[in-house]
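Me: I'm new to this, so please take me slowly through one part of this structure. I'd like to look closely at its pocket, and then at a few residues elsewhere.

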Amino acid sequence: SPLYHQCEENGWIDASDWKYFEQNFSVIRTPRLTPGQVMKARDAAFRQFYTQPRVVTGSLGKIRSGRDVANFARMLRDFLGWV
């Protein structure tokens with residue numbers, strides 16, 4: 001992608017293992033942002049989105065079975081682990 005080529009040209013790629021090139025890791029280190037800062041901003045954006053009342057009520061409204069309750073509880077546990 002253009003972003004990848006820009007990062008490569010500037011030496012901003014902070015990883016060589018392709019397993020880190022996905023949404024749960026940041027592999028870009030610019031003169032202004034570290035990978036940790038990017039992940040902190042990502043986590044804050046997730047928290048801001050998923051704690052909106054309409055998103056919470058929408059998720060709760062989709063619960064139809066015990067399996068759904070278990071999945072929601074697991075997601076809640078994981079989400080609270082981010083905080």
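Reply: We'll go from the model itself to the pocket and then to three residues.

This is a predicted model, where local features need pLDDT of at least 70 and side-chain atom pairs count only at pLDDT 80 or more, while totals for chains, interfaces and linings use all residues. Residues are numbered from 1 along each chain as its sequence is written, and side-chain values use heavy atoms, with hydrogens and water left out.

The average pLDDT (the predictor's confidence in each residue, from 0 to 100) is 89, and 98% of the residues score at least 70. Helix H1 (residues 2-10) has the highest mean confidence, 94, while H4 has the lowest, 83. Helices here are DSSP runs of H or I with at least four residues, numbered from the N terminus.

Now for the pocket. On a 1 Å grid over the protein atoms alone, a pocket is an open set of points where a 1.4 Å probe fits, with protein on both sides within 12 Å along at least five of seven lines; its lining residues have an atom within 4 Å of a point. The largest one has a volume (the space filled by probe spheres set on the points) of about 300 Å³. It has 10 lining residues, and Tyr50, Phe72, Met75, Leu76 and Phe79 lie nearest its centre. Helix H3 (53-61) and helix H4 (66-82) each give two or more residues to that lining, with H4 giving the most, 6. By type, the lining has 8 nonpolar residues, 1 polar and 1 charged. Nonpolar covers Ala, Val, Leu, Ile, Met, Phe, Trp, Tyr, Cys and Pro; charged covers Asp, Glu, Lys and Arg; the others, Gly among them, are polar.

Next, the loop between H1 and H2, which holds isoleucine 28 and serine 26. Serine 26 counts as buried because its relative accessible area is 18%, whereas isoleucine 28, at 24%, is partly exposed. The cut-offs are under 20% for buried and over 50% for exposed, with partly exposed in between (1.4 Å probe, protein chains only). Beyond four places in sequence, serine 26 is in contact (heavy atoms within 4.5 Å) with Pro35, Val38 and Met39. Isoleucine 28's contacts beyond that range include Leu3, Cys7, Trp12 and Pro35.

Finally, arginine 42 sits in helix H2 (residues 35-50) and is buried, at 16%. Leaving aside neighbours within four places, arginine 42 is in contact with Gln23 and Asn24.
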